[in-house]
Amino acid sequence: MYLQFLFHEPIQYITKLTPSYEDQASDVSFVQTKRQAVVVRITRMVDEQSNDFGWKCKRIFGIDPRNVFSLERINNTLNNLTS
């Protein structure tokens, strides 16, 4: 998985995080650079979800969880509230 385009500095290492359940909706990795350590989530969803997760994302946040960029405002708000 190529993630370097997300960072301004070279990636030192990437650790793929083990899923906590089968058929997870995203690939999740821990990425370490010289200045930061972050968790990166890349969606696997390509079709509209008819399960509880997809329905709740639409109902609570008004977003389609396949479009991770629509989560940006939510992620930034949560980042300001807690680490």
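Let me start with Gln 32, which lies in strand S2, residues 26-33. Strands here are DSSP runs of E with at least two residues, helices are runs of H or I with at least four, and both are numbered from the N terminus. Before going on, the source: this is a predicted model, in which local features need pLDDT of at least 70, side-chain atom pairs count only at pLDDT 80 or more, and totals for chains, interfaces and linings use all residues. Residues are numbered from 1 along each chain as its sequence is written, and side-chain values use heavy atoms, with hydrogens and water left out.

Back to Gln 32. Its relative accessible area is 17%, so the residue counts as buried. Buried means under 20% relative accessible area, exposed means over 50%, and partly exposed is in between, with a 1.4 Å probe and protein chains only. A polar atom of the Gln 32 side chain lies 3.3 Å from the backbone oxygen of Gln 36. Apart from neighbours within four places in sequence, Gln 32 is in contact, meaning heavy atoms within 4.5 Å, with Ile 11, Gln 12, Tyr 13 and Ala 37.

Next along the chain is Thr 33, also in strand S2. Thr 33 is buried because its relative accessibility is 0%. Its side chain makes a polar contact of 2.4 Å with the side chain of Glu 9. A polar contact is a pair of N or O atoms within 3.5 Å; within protein, one must be able to donate a hydrogen and the other to accept it, and residues adjacent in sequence count only if both atoms are side-chain atoms. Leaving out residues up to four places away in sequence, Thr 33 touches Phe 7, Glu 9, Pro 10, Ile 11 and Gln 12.

What about S2 as a whole? Six of its eight residues are buried, so S2 is largely enclosed by the rest of the structure.

Now the sheet. It is open, has three strands in the order S1-S2-S3, and its pairing is antiparallel. Strands S1 (11-16) and S3 (37-43) stand at the edges with a single partner strand each, so one side of each has no neighbour in the sheet. From one strand to the next, the twist averages 30 degrees; axes are lines fitted to C-alpha atoms, for helices over the stretch in contact, and angles run from 0 to 180 degrees between N-to-C directions.

Two strands pair if DSSP finds at least two bridges between them. S1 and S2 have five bridges. Ile 11 has Thr 33 as its bridge partner in S2, and Ile 14 has Val 31. On the other side, how many bridges join S2 and S3? There are seven, in the antiparallel sense. Ser 26 stands opposite Thr 43 in S3. S2 and S3 form a hairpin, with three residues between them.

Away from the sheet, Cys 57 lies in helix H1. Cys 57 counts as buried because its relative accessibility is 8%. Its C-alpha atom is separated by 9.8 Å from that of Leu 71, 14 residues apart along the chain.

Last, confidence. The mean pLDDT of the protein chain is 81, and 83% of its residues reach 70 or more. pLDDT is the predictor's confidence in each residue, from 0 to 100. Among the elements of the chain, S1 has the highest mean, 94, and helix H1, residues 52-61, the lowest, 74.
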